[in-house]
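Subject: The structure I promised you

Hi,

Here is the structure we talked about, ready for you to open. Have a look around it first, then read on for what turned up.

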Amino acid sequence: MTEILIALMSGPQDGALLTFETFLDSGKPTEITFGRREDCDVCLSYDSQVSREHAVLTYDGERFWLEDLHSTNGTYVGEEKITGRTEIAPGQLFRVGRTWLRIEPLPTVLGSDDDLPF
């Protein structure tokens, strides 16, 4: 099992780190929803620029994809407004409403002590 970490980079929750478990063994990608609704995985109810169901982040076990769900104010990767499904790399900033977020890089697991560089 892999964990996905989402860092909130602005707003009243600035600095918060949200953890989501993936269950890729089931054969289904992991989806994380963003919006103002309480049932969204990342609820940004304090941000008036966020739609009720604003965006979804999908992880397929290899890559991350960010998709705007026809929100009123759009979803951005860096300064670029996205349309449709857009690949996003860990460490890249993205914006939902006025809130900046970042996918933290996935931890790497070393196989044995022989893999250590020292």
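A quick bit of vocabulary before anything else: a strand here is a DSSP run of E with at least two residues, a helix is a run of H or I with at least four, and both are numbered from the N terminus. By that count the protein has 0 helices and 11 strands. Keep in mind that this is a predicted model.

**The overall picture**

Read from the N terminus, the elements go β-β-β-β-β-β-β-β-β-β-β. Of the 118 residues in the protein, 35% are buried. The accessible surface comes to about 7300 Å², and carbon and sulfur atoms hold 46% of that. If you take the contacts with a separation of 6 or more, 35% of them are between residues 24 or more positions apart.

**Two sheets**

How are the strands arranged? One open sheet has 6 strands in the order S2-S1-S11-S10-S7-S8, with antiparallel pairing. Strand S2 (17–21) and strand S8 (80–81) are at its edges with a single partner strand each, so one side of each has no neighbour in the sheet.

The other open sheet has 5 strands, ordered S4-S3-S5-S6-S9, and its pairing is mixed. Its edge strands are S4 (42–43) and S9 (85–88), each pairing on one side only. Here S6 and S9 run antiparallel and are joined by 4 bridges, with Leu 66 opposite Thr 86 in S9.

**Strand S11 and its neighbours**

S11 is a nice one to follow by eye. In a regular strand, side chains alternate between the two faces of the sheet. Which residues of S11 point to which face? Thr 99, Leu 101 and Ile 103 point to one face and are buried, whereas Trp 100 and Arg 102 point to the other and are not buried.

S11 has partners you can trace too. Strand S1 (residues 3–8) pairs with S11 in the antiparallel sense over 3 bridges, and Ala 7 sits opposite Arg 102. Strand S10 (residues 93–96) also runs antiparallel to S11, through 4 bridges. There, Arg 102 is the bridge partner of Leu 93. S10 and S11 make a hairpin with 2 residues between them, and Gly 97 in the turn has a positive phi of about 65 degrees.

S10 is joined to strand S7 (residues 75–77) as well, by 3 bridges in an antiparallel arrangement. Thr 75 has Val 96 in S10 as its bridge partner.

**The core**

Which residues have the most contacts inside the largest nonpolar core? They are Phe 34, Leu 57 and Phe 94, in a core of 21 residues. Strands S1, S3 (30–35), S5 (55–59), S6 (64–68), S10 and S11 each supply at least two residues of this core.

Phe 94 is worth zooming in on. Leaving out residues up to four places away in sequence, the residues Phe 94 touches include Phe 34, Leu 66, Tyr 76, Ile 88 and Leu 101. Phe 34 and Phe 94 are both buried.

**Rings**

There are 2 aromatic pairs in the count. One of them is Phe 34 with Phe 94, an edge-to-face pair at 5.7 Å centre to centre, with 85 degrees between the planes. This pair links distant parts of the chain, since Phe 34 is in strand S3 and Phe 94 in strand S10, 60 residues apart.

Two arginines also sit over rings. Arg 85 lies over the face of Trp 65, at 4.3 Å from the ring centre, and Arg 95 lies over the face of Tyr 76, at 4.1 Å from the ring centre.

**Two residues to click on**

Is Val 96 buried or exposed? Val 96, in strand S10, counts as buried because its relative accessibility is 0%, and the cut-off for buried is under 20%. Not counting neighbours within four places in sequence, Val 96 contacts residues including Phe 34, Leu 44, His 54 and Leu 101. The C-alpha atoms of Val 96 and Asp 68 are separated by 8.9 Å, with the two positions 28 residues apart along the chain.

Now try Ser 51, which is in the loop between S4 and S5. Ser 51 is buried too, because its relative accessible area is 13%, again under 20%. Beyond its neighbours within four places in sequence, Ser 51 is in contact with Gly 35, Arg 36, Ser 71 and Thr 72.

Happy exploring!

Notes: Residues are numbered from 1 along each chain as its sequence is written. This is a predicted model: local features need pLDDT of at least 70, side-chain atom pairs count only at pLDDT 80 or more; totals for chains, interfaces and linings use all residues. Side-chain values use heavy atoms; hydrogens and water are left out. Buried means under 20% relative accessible area, exposed over 50%, partly exposed in between (1.4 Å probe, protein chains only). Two strands pair if DSSP finds at least two bridges between them. A nonpolar core is a set of buried Ala, Val, Leu, Ile, Met, Phe, Trp, Tyr and Cys residues joined through side-chain atoms within 4.5 Å. Contact means heavy atoms within 4.5 Å. Accessible areas come from the Shrake-Rupley method with a 1.4 Å probe; for residues, only the protein chains shown count as cover. Rings of Phe, Tyr and Trp (its six-membered ring) pair if their centres lie within 6.5 Å; planes under 30 degrees apart count as stacked, over 60 as edge-to-face and the rest as tilted. A charge sits over a ring if NZ of Lys or CZ of Arg is within 6 Å of the ring centre and within 35 degrees of the ring normal.
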